[in-house]
Amino acid sequence: MIGVVYVNGRIGSADDAAVPVFDHGFLYGEGVYETLRTYARQPFLFDAHMARLRRSAEMIALPVPMTDAALREAVDQTAAACSSDELYVRILLTRGVGDLSYNLKATPAPTLVIIVKPLTPFPERTYTEGIRVSMVGIRRNHPHALNPLIKSNNLLNNALAMQEAYRQGADEALMQNQAGFIVECSQSNFFVVKNGELLTPPLSAGLLPGITRQFVLDLAAAEGITATSAPLTPASALAADEAFITSTTREITPVTTIDETPIGGGTPGPVTRRLLEAFRSNT
Ligand SMILES: Cc1ncc(COP(=O)(O)O)c(C=O)c1O
């Protein structure tokens with residue numbers, strides 16, 4: 001394994017990093033995380049990621065044991081041990097080590113892990129030609145079951161959706177909520193363009209509030225592009241003029257095919273290209 005890992009204050013090589021099997025992150029998937037990337041070796045939108053980490057942690061009653069400044073210090077120290085132009089950074093906070101019990105008293109100290117690896121960018125053709133997504137059968141967790149607002153280490157819903165997409169030879173899994181509305185992808189948020197206007201499903205539909213999603217909504221406002229958060233049906237997605245996904249690692253990636261249906265003639269559209277250009281000049 002390539003990379004450098006911080007585990008509760010100790011920084012070492014990825015191969016040596018370990019967390020005890022009685023960690024409730026391992027036993028129960030109880031934990032939250034953030035994925036960041038660097039531009040010019042500086043973590044992008046660090047404060048927004050930390051705010052979301054705290055919101056996720058609060059939703060599972062997990063105390064964050066450090067200030068943002070201390071977390072940044074830990075990230076910087078870990079990153080300093082990884083020599084690469086750009087970095088992938090994953091911060092994980094779990095319930096910590098304790099006996100086999102859901103009682104919070106069993107786990108007095110959370111576990112903090114920071115994984116830093118060289119960033120492997122997606123091929124440039126994914127931006128110039130776009131990608132294919134598959135509308136999968138696996139539905140996004142219902143917010144009353146496991147709220148997608150929580151960026152949780154418990155990723156089985158996402159992993160099963162992505163397995164289905166892989167079986168279809170697609171690059172991402174486009175998911176619906178229990179009511180059959182499009183919500184998001186397994187690892188990214190979803191946007192369409194219709195008649196020059198942006199539309200993305202609302203948080204109330206049950207999806208992760210992507211940091212890139214919000215950044216793109218702000219960029220659109222600055223560019224004078226009208227953007228709305230509103231329910232999106234599969235039929236409207238298939239009939240869109242353009243579509244794209246957003247995430248920390250994929251930035252803005254055009255979606256040019258949904259299953260067998262080409263979107264907007266099967267090439268990245270003008271609004272998507274304009275937003276990508278604006279995105280890149282703001283990183
Ligand atoms: C389910 C899901 N939705 C959306 C995103 C995109 O979020 P962000 O833009 O904060 O990377 C992710 C990122 O991993 C995700 O896992």
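Begin by selecting helix H6 and strand S13 (242–247): each supplies at least two residues of the shell around the ligand. The structure is a predicted model, and the tour proceeds from this ligand shell to the strands and cores.

Keep H6 selected. With three residues, H6 makes the greatest contribution to the shell around the ligand. Next, display the 14 residues around the ligand; Leu208, Gly210, Ile211, Thr212 and Thr248 come nearest. Colouring the shell by residue class gives two nonpolar, 10 polar and two charged residues.

Now select the largest nonpolar core, which comprises 41 residues. Val133, Ala173, Leu174, Val192, Ala243 and Val255 have the most contacts inside this core. Helix H6 (residues 211–223) again deserves attention, as it gives the most to this core, with five residues.

Centre the view on Val255. Leaving aside residues up to four places away in sequence, Val255 touches Gly130, Ile131, Val133, Ala243, Phe244, Ile245 and Ile263. Apart from the largest core lies another, of 25 residues, including Leu53, Ile91, Ile114 and Val116.

Proceed to strand S7 (residues 131–135), where four of the five residues are buried. Add strand S14 (residues 251–258), which pairs with S7 in the parallel sense over three bridges; here Val133 stands opposite Ile258. Then add strand S8 (residues 172–176), which runs parallel to S7 and is joined to S7 by three bridges. Met135 has Leu174 in S8 as its bridge partner.

Finally, select helix H5 (residues 156–167) together with S7 and S8: these elements make a right-handed β-α-β unit.

Definitions and conventions: Residues are numbered from 1 along each chain as its sequence is written. This is a predicted model: local features need pLDDT of at least 70, side-chain atom pairs count only at pLDDT 80 or more; totals for chains, interfaces and linings use all residues. A nonpolar core is a set of buried Ala, Val, Leu, Ile, Met, Phe, Trp, Tyr and Cys residues joined through C-beta atoms within 7 Å. A residue is buried if 20 or more other C-beta atoms lie within 10 Å of its own, exposed if 12 or fewer, and partly exposed in between; C-beta atoms are placed from the backbone. Two residues are in contact if their C-beta atoms, placed from the backbone, lie within 7 Å. A residue is near a molecule or strand if its C-beta atom, placed from the backbone, lies within 6 Å of it. Ala, Val, Leu, Ile, Met, Phe, Trp, Tyr, Cys and Pro count as nonpolar, Asp, Glu, Lys and Arg as charged, and the others, Gly among them, as polar. Two strands pair if DSSP finds at least two bridges between them. A crossover is right-handed if, with the strands pointing away from the viewer, the path from the first strand over the helix to the second runs clockwise.
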